[in-house]
Structure formats: C-alpha cells, structure tokens
Amino acid sequence: FEPYVIEGKKISITLKIGTAVFGKGITGRKAIQQADTALSCAFKVAGTAMRFFDESQVKSIEQEMEVLTHFTDALKNKEFFPMLQPKVHIITGEVVGFEALARWISSEVGFVSPADFIPIGEKTGNIYKVDRAILKSVLAWQQERKKLGKRLYPISVNISPNHFYYPNFVSNIEQLIKKYDVNPKYITFEITESIELEDVICAKKIINELKAIGIATSIDDFGVGYS
C-alpha cells in the first residue's frame, strides 16, 4: 500500500484480513468465529496478509493455548535448557565455538518446538526469562569447565528484542558474568536486525556498553527480510 501523508509525515500501514464462508449450513455467528480464527493466523505473518479459514487453524490455536498454559510452570520448573550446536572450522574440522539453542521439554506435553514457544514468550513479555535461563546454564557450564581446567569455548546466545531493551539489561548481564566468574570474551550475543530498526540510537548505546564489558554482538537471521 502507498503510505498516507498526515501533517507532512508518511505513515505506512498494513492490512490483516480473515475470511470464512457463510451459508451451506454455517450460521452467521459461526462464520464470524471462523473469520476471527483466520484473522489470528493472518496476524502471525509480517506485512499485509489475508487468510481463509480452515480446520487446521483451530488445531494450531488450541496448540498455542496449550503452550501458553504450561509456559509459566516451565519457567518455575526450569524446563528450558540450551543445546549447544558446534561451530566448526571448515578447513581444519576443529570445533571453535558453539551456539546455544533454547529447547523446552515439558513435563506435561513433552518436546515443544521453539517455533511454538518463542512467539508465545514474546507475546506475553516473558521471553527475557527464557533468555536468562539459557544464559545462566551456559555460564554454569563454562564455570564448571574452568574449575576442571578444561578448554573454554566462545558461545553465542540469542537475545530477544524484548530482553535487549529491558531496563538494566547490561548491568544485569554484567552481574551474571561476575557471579559465574567467566571471562566475557567467551560470550557473544546474537541479535536480529529488527533490534536496530526499533531504535538505532538506543541499540548502538547498548551494543557499545556490552562491548565495554567485553561481550561481542553479532547479527542473527541476517537478510531474511528485515533489511
């Protein structure tokens, strides 16, 4: 859509549409309910989107509600944990570091995909708690290796935009680093391009503060559409 001009400023909007069939045994009330379900699915897609109702969407929303129901208990029960994906030097074959991937095995429903729980965490404002749980586990692992005199590896940890802009983010991270007595050079935060799009000046300030305490940052999901 072409942007609207309001008081000399260009304002771009997106349109979300959910549709359903009325008639053929489907009442008006039922059709509205189904269109609303389709609309919920349209909101999950970036930019302008239109979705037609189908029964699989009901199952998807029910699954989402089930994840939401168990999310808080998962945090209390420490069910979120990192799986370390190795980064390998392509010529020598040597492992040079890891990326910590957040995983959740629920005591109620079993394995929950990150594609399901990350959007729920972001939507409810609780994703920063998952970030912290993963970071603590990574630091504890590095601390244990340090005590045993084993080699330490740099580990990349994903930080959500919600967490990145959280008040006292940098000072809280610095406290964790000191608590586990791990050299910050072994931690890299992976952030998406969208973080800098939200507030370039603030993002630059935070990145520089992290750099000052020895933590590097890198761009995750680069070139998937944000740019």
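Colleague: How many salt bridges does the structure hold?

Modeller: In this predicted model, the structure holds five salt bridges. To count, a side-chain nitrogen of Lys or Arg has to lie within 4 Å of a carboxyl oxygen of Asp or Glu, and the side chains of lysine 87 and glutamate 190 satisfy this with an N to O distance of 3.8 Å. That pair links distant parts of the chain, since lysine 87 belongs to strand β5 (residues 80–88) and glutamate 190 to strand β9 (residues 187–192), 103 residues apart.

Colleague: Is glutamate 190 buried or exposed?

Modeller: Buried means under 20% relative accessible area, and glutamate 190, with 8%, is therefore buried, whereas lysine 87 is partly exposed at 33%.

Colleague: Which residue forms a salt bridge with lysine 146, and what parts does the pair tie together?

Modeller: The partner of lysine 146 is aspartate 181, with the closest N and O atoms 3.1 Å apart. Because lysine 146 lies in helix α4 and aspartate 181 in the loop between α6 (169–180) and β9, the pair ties together parts that are 35 residues apart in sequence. Lysine 146 is partly exposed, having a relative accessible area of 41%, and aspartate 181 also counts as partly exposed, at 48%.

Colleague: Which residues form a nonpolar patch on the surface?

Modeller: A residue enters a patch with over 30% relative accessible area and no salt bridge; here Tyr4, Ile6, Ile11 and Ile13 form a nonpolar one, with about 400 Å² of accessible area together. Tyrosine 4 lies in strand β1 (residues 4–6), and at 52% relative accessibility tyrosine 4 counts as exposed.

Notes: Residues are numbered from 1 along each chain as its sequence is written. This is a predicted model: local features need pLDDT of at least 70, side-chain atom pairs count only at pLDDT 80 or more; totals for chains, interfaces and linings use all residues. Side-chain values use heavy atoms; hydrogens and water are left out. Patches are made of residues with over 30% relative accessible area and no salt bridge: like charges are joined within 9 Å, nonpolar side chains (Val, Leu, Ile, Met, Phe, Trp, Tyr) within 5 Å. Accessible areas come from the Shrake-Rupley method with a 1.4 Å probe; for residues, only the protein chains shown count as cover. Helices (H or I, at least four residues) and strands (E, at least two) are DSSP runs, numbered from the N terminus. Buried means under 20% relative accessible area, exposed over 50%, partly exposed in between (1.4 Å probe, protein chains only).
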